[in-house]
Amino acid sequence: MAEPIRLPPQPEACELCARPVALTRHHLIPKALHDKAYVQKRFARHARITATLWVCRACHNQIHRLFSEKELALIYNSRDALLGDERLRTFVEWLATKPAGFTPRH
């Protein structure tokens, strides 16, 4: 029998802005694309399922505002790649200075 796939445990703070707030799981390889051939060729099943970040709602919303699901799967599929985008990095650096209860308006 195959070993069950375990997802990374939830940290105490957002893995992007480091604020200690309620977190959501961001799938670095969007679940909607897991059955696409171009995704299956690049990423093993285990990687598709476990490649996640725990992020706050504000960071999560910003990720999905900036990038299409295909861009997320093919280019921005790691924390470093996400933060390599100046638009997201600037937002995260700005948000990191805000208190835990702060919610940006968009």
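In the predicted model, Lys98 lies over the face of Phe102, at a distance of 5.7 Å from the ring centre. A comparable arrangement involves Lys70, whose charged end sits over the ring of Tyr38, 4.9 Å from the centre of that ring.

Phe102 also takes part in the aromatic contacts of the model, in which 3 aromatic pairs are found. Because the ring planes of Trp94 and Phe102 stand at 80°, with the ring centres 5.5 Å apart, this pair is classed as edge-to-face, the criterion for that class being an angle of over 60 degrees. Trp94 and Phe102 are joined by Phe91 in one aromatic cluster. With regard to solvent, Trp94 has a relative accessibility of 36% and therefore counts as partly exposed, and Phe102, with a relative accessible area of 27%, is likewise partly exposed.

As to charged pairs, the structure contains 1 salt bridge, which is formed between Asp85 and Arg87, with the closest N and O atoms 3.0 Å apart. The two partners fall into separate accessibility classes: Asp85, at 9% relative accessibility, counts as buried because its value is under 20%, whereas Arg87, with a relative accessible area of 45%, is partly exposed.

The interior was examined next. In soluble globular proteins, nonpolar side chains tend to be buried together. The largest nonpolar core of the model comprises 29 residues, and those with the most contacts inside this core are Cys14, Leu16, Cys56, Cys59, Phe67, Leu82 and Val92. Strand E2 and helices H3, H4, H5 and H6 each supply at least two residues of this core. For Leu82, when residues up to four places away in sequence are not counted, the residues touched are His26, Leu28, Leu53, Ile63, Phe67, Leu72, Tyr76 and Leu88.

Helix H3, which spans residues 57–66, has Ala58, Cys59, His60, Gln62, Ile63 and Leu66 as its buried residues. These buried positions pack against two strands, E1 (23–27) and E2 (52–56), and against three helices, H4 (69–74), H5 (79–83) and H6 (86–95). Two of the buried residues of H3 reappear in the description of the interior, since Cys59 is listed among the residues with the most contacts inside the largest nonpolar core, and Ile63 is one of the residues touched by Leu82.

Notes:
Residues are numbered from 1 along each chain as its sequence is written. This is a predicted model: local features need pLDDT of at least 70, side-chain atom pairs count only at pLDDT 80 or more; totals for chains, interfaces and linings use all residues. Side-chain values use heavy atoms; hydrogens and water are left out. Buried means under 20% relative accessible area, exposed over 50%, partly exposed in between (1.4 Å probe, protein chains only). Helices (H or I, at least four residues) and strands (E, at least two) are DSSP runs, numbered from the N terminus. Contact means heavy atoms within 4.5 Å. Rings of Phe, Tyr and Trp (its six-membered ring) pair if their centres lie within 6.5 Å; planes under 30 degrees apart count as stacked, over 60 as edge-to-face and the rest as tilted. A charge sits over a ring if NZ of Lys or CZ of Arg is within 6 Å of the ring centre and within 35 degrees of the ring normal. A salt bridge is a side-chain nitrogen of Lys or Arg within 4 Å of a carboxyl oxygen of Asp or Glu. A nonpolar core is a set of buried Ala, Val, Leu, Ile, Met, Phe, Trp, Tyr and Cys residues joined through side-chain atoms within 4.5 Å.
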